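The exercises that follow are meant to be worked through with the structure in view. Please try each task before turning to its solution.

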Amino acid sequence: MDLSTDMPQSGRASYSGLTETELHRGASSVGHLRGEMEMSVDFAAASSRATEHQALSGRMHNFRGTIDGSDVVFSGELTTAAARDQGFDSRARVADQIISPPGRLGSLVAHFAGDLATGTSGGPVHLEAAGNFRGPGGAAASGTLGGIWTDPAGVDPLTANGRFVVERD
């Protein structure tokens, strides 16, 4: 889907979709993590440099995947509110582009934080989603996803690198 060039400058929209990341411990791949992502965007706030940090909120939840060859289901959720409490703002931005083709483009950087546990271990997680709005009027958004899961049991932290895609509800 092409980048949006006609992003709204007012109103709100809700989006939902999926995330998928590969998990690594050091340089070694140890599994993958899939989850659901929801976000809400205030396009009026996203159109102003002064309030773009207030334009986006969201959560990730329902995580499942594999670690070291075992299927795992993760309890807990990650939210932009928890990341904000740690000093990480999430932003949605709508800006005019004057080069060809002209139009209003949209982008986002969203930080999600919280605790995830697998039943035997768990700890704090911080993921960053960065991407662009796509399709007519910002019908969808997609981009990269990366971060770290710190296991308080003393095991090396897991790093996550992957992608997300959400569509307007």
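## Exercises on salt bridges, strands and a histidine

Glu 38 has a relative accessible area of 29%, which makes this residue partly exposed. The model in which this value was computed is a predicted one.

**Exercise 1.** Find which residue meets the side chain of Glu 38 in a salt bridge, and work out where the two partners lie.

*Solution.* Begin with the side chain of Glu 38, which forms a salt bridge with that of Arg 59 at 2.9 Å, taken from N to O. This pair links distant parts of the chain, since Glu 38 belongs to strand S2 and Arg 59 to strand S3, 21 residues apart. Next, consider Arg 59 itself, which counts as partly exposed because its relative accessibility is 28% and exposed requires over 50%. Finally, look for a further partner: the side chain of Arg 59 also meets that of Glu 77 in a salt bridge of 2.6 Å, N to O. Here Glu 77 sits in the loop between S4 and strand S5 (78-79), 18 residues away from Arg 59 in strand S3.

**Exercise 2.** Determine how many bridges join strand S1 to strand S2, and in which direction these strands run.

*Solution.* Strand S1 (residues 12-25) and strand S2 (residues 28-42) run antiparallel and are joined by 14 bridges. Within this pairing, Glu 22 stands opposite His 32 in S2. Moving to the turn, one finds two residues between the strands of the hairpin, where Gly 26 takes a positive phi near 65°. On going further, S2 is also joined to strand S3 (residues 56-67) by ten bridges, again in an antiparallel arrangement, and Met 37 has Met 60 in S3 as its bridge partner.

**Exercise 3.** Decide whether Asp 68 is buried or exposed, and then do the corresponding step for its salt-bridge partner.

*Solution.* Asp 68 has a relative accessible area of 51%, and is therefore exposed. Its side chain meets that of Arg 25 in a salt bridge of 3.4 Å, N to O. The two are 43 residues apart, with Asp 68 in the loop between S3 and strand S4 (70-73) and Arg 25 in strand S1. Arg 25, at 23% relative accessibility, counts as partly exposed.

**Exercise 4.** Establish whether His 111 is buried or exposed, and identify the side chain with which it makes a polar contact.

*Solution.* His 111, found in strand S7 (residues 103-117), has a relative accessible area of 9% and is therefore buried. Its side chain is joined to that of His 126 by a polar contact of 2.9 Å. Leaving aside neighbours within four places in sequence, His 111 is in contact with several residues, including Phe 88, Asp 89 and Leu 127.

Technical notes: Residues numbered from 1 in each chain as written. Predicted model: local features only at pLDDT ≥ 70, side-chain atom pairs only at ≥ 80, totals over all residues. Heavy atoms only, no water. Helix = DSSP H or I, 4+ residues; strand = E, 2+ residues; numbered from the N terminus. Buried < 20%, exposed > 50% of the residue type's maximum accessible area, 1.4 Å probe, protein only. Polar contact = N/O pair within 3.5 Å; in protein donor to acceptor, adjacent residues only side chain to side chain. Contact = heavy atoms within 4.5 Å. Pairing = 2+ DSSP bridges. Salt bridge = Lys/Arg side-chain N within 4 Å of Asp/Glu carboxyl O.
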